[in-house]
Amino acid sequence: MRLIKPLFLFTLLTLLVLQHADAQNKFFIDGYHGGFWGHYPACYTGFIADKLDENSFWKINLEIEPVTWDVTQKNDLVNYNRFKTYIKDQSVKGRVEFVNPSYGQSYLFNIQGESVIRQFEIGIKKIKAHFPEAEFHTYSSEEPCFTSALPQILKSFGYRYAALKNPNTCWGGYTRAFGGELINWKGSDGSVLLTVPRYETEALLQNSTWQTQAWNNSTAYISAAYRYGIQNPIGMCIQDAGWKNGPWLGKPKDFTYTTWRDYIQNTANKTDIKTWNFNQEDIQVSLVWGAHILQKMAQNTRIAENKITIAEKMDAINAVANKTRLIGGKFDTAWQNLLLAQHHDSWIVPYNIVNKEKRWNWADQVKYWTDQSNNLCDSVLNPAGKNGAENPDGFNVKVYNSQAYPRKEIAKIQLDEKIGNPIVIGQDHKSVNTQLITENGNRFLLFEAFVPALGYANYNIKSSKTKIAQTANHVSVKGELYTFKNEDYEIVFNAAKGGIMESLIAKKLNNKQFVDQKSKRSFNEMRGYFYQDSTFYSSKDQPAKITVVEDGPLMCRLKIEGKISIHPFTEYITFEKYDSRIDVQTTVDWQNNARIGQNYAQKRGWKANDLKKAFYNDSLKLQAVFPLNIAAQKVYKNAAFDVMESRLKNTYFNTWDSIKNNIIVNWVDVSDQDDHYGMALLNDHTTSYGHNEAGILGLTLQYSGMGLWGRNYSIKGASGYHYAILPHQNKWDKAQLWNQSTTWNEPLQVVVDNQPQKPSVSLLQINEPGYEISSVTIEDGALLFRVFNASGLNNDVNLNFEVPIKKAELVELNHTKTQTLKLLKKQKGLTVVNMPIQQFGLRTIKVYLQ
């Protein structure tokens, strides 16, 4: 009896638990994602409306490209109006919730911060134009469209909730599993958003490389959730627009279709909520990094990203300087083109035909969009082009600085041959140092420029009778060794080993040697596995020719010509006065479709459910490698409005279920344990980086082979790579790496100005280091300044406005006013606005001029 009684009690308790579990509620998130550019068949709005009519129990969550509604209104007005009737009920019990209004349905983790904001701002505006009643409470996406700064961005747009699940479309990755029914998703700035996570118990689905267990509310998924203590488990599948299922799981028997807002607000258990200090590595995503098509597309997108934010700032500076009416909206079309170019499909299916009329794939369409964006910016800012730059009698230029700190740097302008022996005169009537160089057969003039913060300075360029000095003798040659010396560095290049850097001594950093000279790898070596030849090839396998192509007072440039196997490469390494960055631009002239990467299933391809795929393995791709003489290494890396210390021991993996976030958005930085010394690597586009226990930093340059869905990612034509390295002391924040990256992306802009010179102009200056002016825009006759705190400190910041202002307001990203800021008037028309801003925090200030 003593044995039977405990067994009976255990059995009874188990039955009671199971009965209680059966009695608990189960929920499911259904809906549609896609759109005109992704996938949204003609008259599909009618199909959705029909299914809503037929199934009164059904609720849907939408992430449809906002421009889709333009097309639907034009081509399917009857069903467009039918659908609008469902949108009118935006109460918590309504049947339709907009969960992702972003204009271009971007992945977000691969773009810069200002682009993330505009995705939501412009997308919400478009949806509101069609559905004025629309509300935005919960962010959710069927793809892994997440980035670590989202909590503060979403909250500033008025969001209250989020979901970090993407159970049925994990081709590009997934978020890390964490927690239970609800969590507090905490961003790097401290903002918190009530969120449904990918549960700790939500396993990746076996025999799949695109799903978690939550995709269909399986018994295993629900049971595991109950055992974990989740009282109201919820699954999710936001279907591809075009699918003809209607309700994904059919008529519900033991679960309820719901919207995210209704579930989180009215159902989810809000007791014992864990806080998750979420960072970028919790977004476990991977694409075909290094593929030729993806690389070019990412570079085109980044060029447009940088140009448009510079252009907006320059336009605002001009409007204030010329005392013209502040008119907003000039760059709306440019932004719309750029945001569509950032579409997640362009990154994961770049070969898919997206423009059927022109037979353009995603890469073609992105090139068109980014070209349109760039052309529009150019037409607004410099409608005359370089007209006047050939006048031998001289011409004026404005040099613009798009950041909130004065900059003394080298400016560059293309110069006609008619301008012989050019000299440059500043507004103080004094000449500045200059240097003539040649790039791609074109003649350029470099000159020293000192430009005030967020403003411009004026210079006059004209011919002179005196020839300017061009040589500086930075390079000495001894056999195959070329030694470069300037104020910052002493670097030895070895021509016998393909031009690698044998030594890199930073003079101002206690003569620190940054090259690990004992490593098997060489510094700035390009190396990868060419699987058709079953061997590694390296740029150092063959001797290179080194030429000093420019060696003047402002710039020194080395040209390295070598080969990787049979494939010629040309590399330019540039050093500029006032700039500690070492700039590297490389072109590889591929002689054929060289097959580079892991030799796994490259001929037969792989099945969709094969966990192993060759493009995951970055260790065998062509990389630029940097063995570093830095002890006890750790890695920092940036993302949109964020910097994190990596938790990865190494970045390499080769299966879908072991994905690591090894993405470089703008920069990564390898530092020693105590942050005494570091080496930053800046790149001109989003791709992957490598780092391992041997202390070797790598940048992914090239992959050629099988990608997703059996697509052959081939090399067509030459490849271009552009990166920079920066040795430094101290931790990334004290070393000003964020600002170093920003100035690299936003160089001084030189514009020919045929008007009489006006005094130099500065809108705003920040004296404390570590802040970025993310954007300056015009709205309602006022200027909006967006400030980001990358200083590493939670401090107040003083904004020193150098133009007369009458009012300043703190506003949210949804343009809601939160506070009127106090103005402190100083001498000479200076107005100071003080405001608190936490580390990694964003603030938008609306300024009304007098």
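In this predicted model, four strands make up an open sheet with the order β45-β48-β52-β51, and their pairing is antiparallel. Its edges are β45 (764–765) and β51 (823–825), each of which pairs on one side only. Strands of a sheet pair through backbone hydrogen bonds, either parallel or antiparallel. Between β51 and β52 (residues 831–837), which run antiparallel, there are three bridges. Within this arrangement, L824 stands opposite V832 in β52.

Aromatic contacts form a second theme. Across the whole structure, a search finds 55 aromatic pairs. A pair of aromatic rings is described by the distance of the centres and the angle of the planes. Two of the pairs are tabulated here.

| Pair | Centre to centre | Angle between planes | Geometry |
|---|---|---|---|
| F98 and F131 | 5.6 Å | 35° | tilted |
| W276 and F278 | 4.9 Å | 80° | edge-to-face |

The pair of F98 and F131 links distant parts of the chain, 33 residues apart: F98 belongs to strand β3 (residues 96–98), while F131 lies in the loop between α5 (113–130) and β4 (138–139). Both F98 and F131 are buried. They also belong to a cluster linked by ring pairs, whose members include Y32, Y40, W58 and F136.

For the other tabulated pair, W276 has a relative accessible area of 6% and is therefore buried. F278 is likewise buried, because its relative accessible area is 3%.

Lysine side chains also meet aromatic rings. The charged end of K358 sits over the ring of Y368, 5.3 Å from the ring centre. K621 lies over the face of Y703, at 5.3 Å from the centre of that ring.

How values were computed:
Residues numbered from 1 in each chain as written. Predicted model: local features only at pLDDT ≥ 70, side-chain atom pairs only at ≥ 80, totals over all residues. Heavy atoms only, no water. Pairing = 2+ DSSP bridges. Helix = DSSP H or I, 4+ residues; strand = E, 2+ residues; numbered from the N terminus. Phe/Tyr/Trp six-rings, centres within 6.5 Å; stacked < 30°, edge-to-face > 60°. Buried < 20%, exposed > 50% of the residue type's maximum accessible area, 1.4 Å probe, protein only. Lys NZ or Arg CZ within 6 Å of the ring centre and 35° of its normal.
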